[in-house]
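Please load the coordinates in a viewer that can select by chain and residue number. The tour below proceeds by selection, with a short description at each stop.

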Amino acid sequence: MDRGRPGAGTGRYQLSQLENIEAESIHIIREVAAEFERPVLLFSGGKDSVVMLRLAQKAFWPGRIPFPVMHIDTGQNFPEVLEFRDRCVAEVGATLVVASVQDSIDAGRVAEEPGPNPSRNRLQTRTLLDAITEHRFDAVFGGARRDEEKARAKERVFSFRDEFGQWDPKNQRPELWSLFNGRHRAGEHIRVFPLSDWTELDIWQYVADEGIDLPSIYYSHRRRVFRRDGMLLSVGPHVAPGGDEEVFEATVRYRTVGDMTCTGAVESVAVSVEDIVAEVAATRLTERGATRADDRVSEAAMEDRKRVGYF
Amino acid sequence: MELLRLATAGSVDDGKSTLIGRLLYDSKAIFEDQLESMERVSRQRGDEYTDLALLTDGLRAEREQGITIDVAYRYFATPVRKFIIADTPGHIQYTRNMVTGNSMADLTIVLVDARKGIVEQTRRHAFLASLLRVPHLLVCVNKMDLVGYDRDVFEGIREEFASFASRLDVRDLSFIPISALQGDNVVQRSASMPWYEGASLLHHLEQVYISSDRNMIDARLPVQWVVRPQAASVPDYRGYAGQVAGGVFKPGDTVMVLPSGLTTTVAGIDTFDGPLDEAFPPMSVTVRLTDDVDVSRGDLICRPLNQPTVGQDLDAMVAWMTERPLAVGDFLALKHTTRWVRAVVRDVRYRLDVNTLHRDESASTLGLNDVGRVSLRVTQPLYYDSYRRNRLTGSFILAAEDTNVTVGAGMLHGPD
């Protein structure tokens, strides 16, 4: 970050709020590397995971990131994002583990949901938990933020998972000061959320300040889309419009990066990170409310998925 | 833009959710889809009005039972500051949740219902905020609209509270008369209370001076991680990574490493973004030393003429957070800065009634949600400061050795 001196624009010996949460996140990442035997960082190529990767790079610089990076590949990702993922991981010199939902389906671990254009969003949980077991990961970094969703607003930075990978929201460890408790037994693990205190706007401001590269679909482009449940879905190999769903070309961008089947685009002309910072600052819809079908199933959709081991 | 962490606490009826809802709504931190979702759930439940508590009560059990289970974190920003609210319920598990929410707070808001005045819960909130050494305490006298915006009511509450607070260790105490429902003195100064000449709540939150709240005197760097790249590009690089917990470090400073006691010099302070001229809390940095001394995780870098207390016998206020009581002879895991040690409970000196501040010296255990003064012996010496001097080097957590669950929080007493 080109900041001049730290805390530029604030009082002497006072960090800016972004510098403050950056320092906290780096502290969290170092604690995990020091106290766990086999951490892994979940990386989707989405903006939050890209920021997390940058923070991990900063935490150990000039050393390398001392843990691998893992992508849960549903097989329904945007091709632009997969290409970006590989380039990004190679640049920081990290090891990439890809766990594939297709493999889980082929092995009979999970079954594809019935109906046209099935989403593999729920199936990812099985693939994720299997990969954690196979690689014996004991700490899993996720990019979730507390401002994203109401169940996440109550989740700890170090979020304990039992041997079934389950989250018990009513029985969480109290978390005080910056003293994190990662103690666990064999077979249990901890999900770690270093971006807990970041907001969507913080992420974009950080991307702007740091000059961080993101997948092209975050920026405005022309795309063939159709409207379903109030969202604009992209026409592609995994998503086909129904008979009464009209296809049209629109100028859009994505606020989140998930599966092509459940991630909607928003109409936007924001072509630069500065445009997006301005757009996010003025928006009246949350990013998940605007663009994620997976959270629209019920009021507690996220809580229910998290309980059984979702990200 | 600066960061201010604030904690709120309150019970079901004192208007806390309405107040938070209004702060978030007026600063545009509530989004339309969140509002629609709250309206929908309120309608389905048959509420007469949209329940803003639904914004913070996110878990299924909370929605179904209309209760708040746990600490929720909320975010909003104005052009001046970003705010992180740790919102804690006032009724269930109050000590556990309030201690958690207040541990990192710069400011605590205590809500008082103008019709009821100071109640047991008000005193408990204020005490726990002072125990956790939250630098700024802000008392909002709410529901002023229901007492006719009467100045005498406000002044009466102010006097009673100030008299109680004089028994506590409160550094900065302010009072604002508000109506969260009507919006009086929340964002804008109220026309209904011309006799109040102070700032609105939001203005107070934006302006309260927090720069001097961190310890900038005692240089403390608990070592988290040793950076040894073993790469040809940076041969022989050896740096000590950590988050500065106190004071200021500069290249050229003479420093001492504990526990070895060896003295050396700061060769450089490194970050990914380039070298720094100085490092101060809460920066995460990597420090290089001129001499090849043995330093590992859990060690502390300080100044030779300003060393922390070193000791194995600890005297601390402990907040207990689990059903199984704390008792003399218990073995526990204890984390202080970047180290885990084992601890044994030597003595429960007294239990404090968090409502009356009465010390019960006959107590021999601490139960769930109790606070008391405890003597502990640890397996290896800790390098610590008193909690009143430094919240980071003066605090610890306790975990059960069998379940690994966090069961207690401690605030150390020191020689000063």
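**Sheets and helices of chains A and B**

Begin by selecting D270(B) together with T286(B): the two stand opposite each other, T286(B) lying in strand β12 of chain B. The model is a predicted one, and every position described here should be read accordingly.

**The open sheet of chain B**

Extend the selection to strand β11 of chain B, residues 262–270, and to β12(B); the two pair in the antiparallel sense over 4 bridges. Next, add strand β9 of chain B, residues 239–243, which is joined to β12(B), residues 284–289, by 4 bridges and runs antiparallel to it. Within that pairing, Q243(B) is placed opposite S284(B) of β12(B).

Both pairings belong to an open sheet of 7 strands in chain B, whose order is β7-β13-β10-β11-β12-β9-β8 and whose pairing is antiparallel. Which strands stand at the edges of this sheet? They are β7 (221–222) and β8 (225–227) of chain B; each has a single partner strand, so one side of each is left without a neighbour in the sheet. At one edge, select β7(B) with strand β13 of chain B, residues 300–302: they are antiparallel and share 2 bridges. The pair to display there is P222(B) and L300(B), which stand opposite each other.

Strands of a sheet pair through backbone hydrogen bonds, either parallel or antiparallel. It is therefore useful to show backbone atoms at these stops.

**Around strand β17 of chain B**

Move on to strand β17 of chain B, residues 339–352, and strand β16 of chain B, residues 331–336, an antiparallel pair with 6 bridges. K335(B) stands opposite W340(B) of β17(B). The two strands form a hairpin with 2 residues between them, and T337(B) in the turn has a positive phi of about 45°.

Now follow β17(B) to L352(B). Which residue is the bridge partner of L352(B) in β18(B)? The partner is R359(B), and the strands concerned, β17(B) and β18(B) (residues 359–360), are joined antiparallel by 2 bridges. They too form a hairpin, here with 6 residues between the strands, and L357(B) in the turn takes a positive phi of about 65°.

L352(B) also has a bridge partner in β20(B), namely V371(B). Select strand β20 of chain B, residues 371–384, to see the 8 bridges that join it to β17(B) in an antiparallel arrangement.

**The mixed sheet of chain A**

Turn to chain A and select its open sheet of 6 strands, ordered β3-β2-β1-β4-β6-β5 with mixed pairing. The edge strands are β3 (96–100) and β5 (158–161) of chain A, each pairing on one side only. Neighbouring strands in this sheet are turned by 30° against each other on average, with direction ignored. For a parallel pair, display strand β2 of chain A, residues 69–73, with β3(A): 5 bridges join them. M70(A) stands opposite V97(A) of β3(A).

**Helix packing in chain A**

Select helix α2 of chain A, residues 47–60, and helix α6 of chain A, residues 200–210; their axes come within 10 Å and cross at roughly 55°. The two helices are therefore oblique to each other, and their crossing is left-handed. From α2(A), show K47(A), D48(A), V51(A) and R54(A); they meet I203(A), Y206(A), V207(A) and E210(A) of α6(A). By class, this contact has 4 nonpolar, no polar and 4 charged residues.

Keep α2(A) displayed and add helix α1 of chain A, residues 17–35: the axes of α1(A) and α2(A) are 9 Å apart and the packing angle is about 75°. These helices are therefore roughly perpendicular to each other. On α1(A) the contact is made by E22(A), S25(A), I26(A), I29(A) and R30(A), and on α2(A) by L55(A), A56(A), K58(A) and A59(A). The residues divide into 5 nonpolar, 1 polar and 3 charged.

**Where the chains meet**

Finally, show both chains: the contact takes 59 residues from chain B and 54 residues from chain A. On the side of chain B, helix α2 of chain B (residues 32–45) provides the largest share, 5 residues. By class, that side has 33 nonpolar, 12 polar and 14 charged residues.

Zoom in on α2(B), whose 14 residues reach 20 Å from first C-alpha to last, close to the 20 Å expected at 1.5 Å a residue. The last selection is G46(B), just after α2(B), with a positive phi of about 85°.

Definitions and conventions
Residues numbered from 1 in each chain as written. Chains lettered and ligands numbered in written order. Predicted model: local features only at pLDDT ≥ 70, side-chain atom pairs only at ≥ 80, totals over all residues. Contact = placed C-beta atoms within 7 Å. Nonpolar A, V, L, I, M, F, W, Y, C, P; charged D, E, K, R; others polar. Axes fitted to C-alpha atoms, helices over the stretch in contact; angles between N-to-C directions. Parallel < 35°, antiparallel > 145°, perpendicular 65-115°, else oblique. Left-handed = near helix turned anticlockwise from the far one by under 90°. Expected span 1.5 Å × (residues − 1). Pairing = 2+ DSSP bridges.
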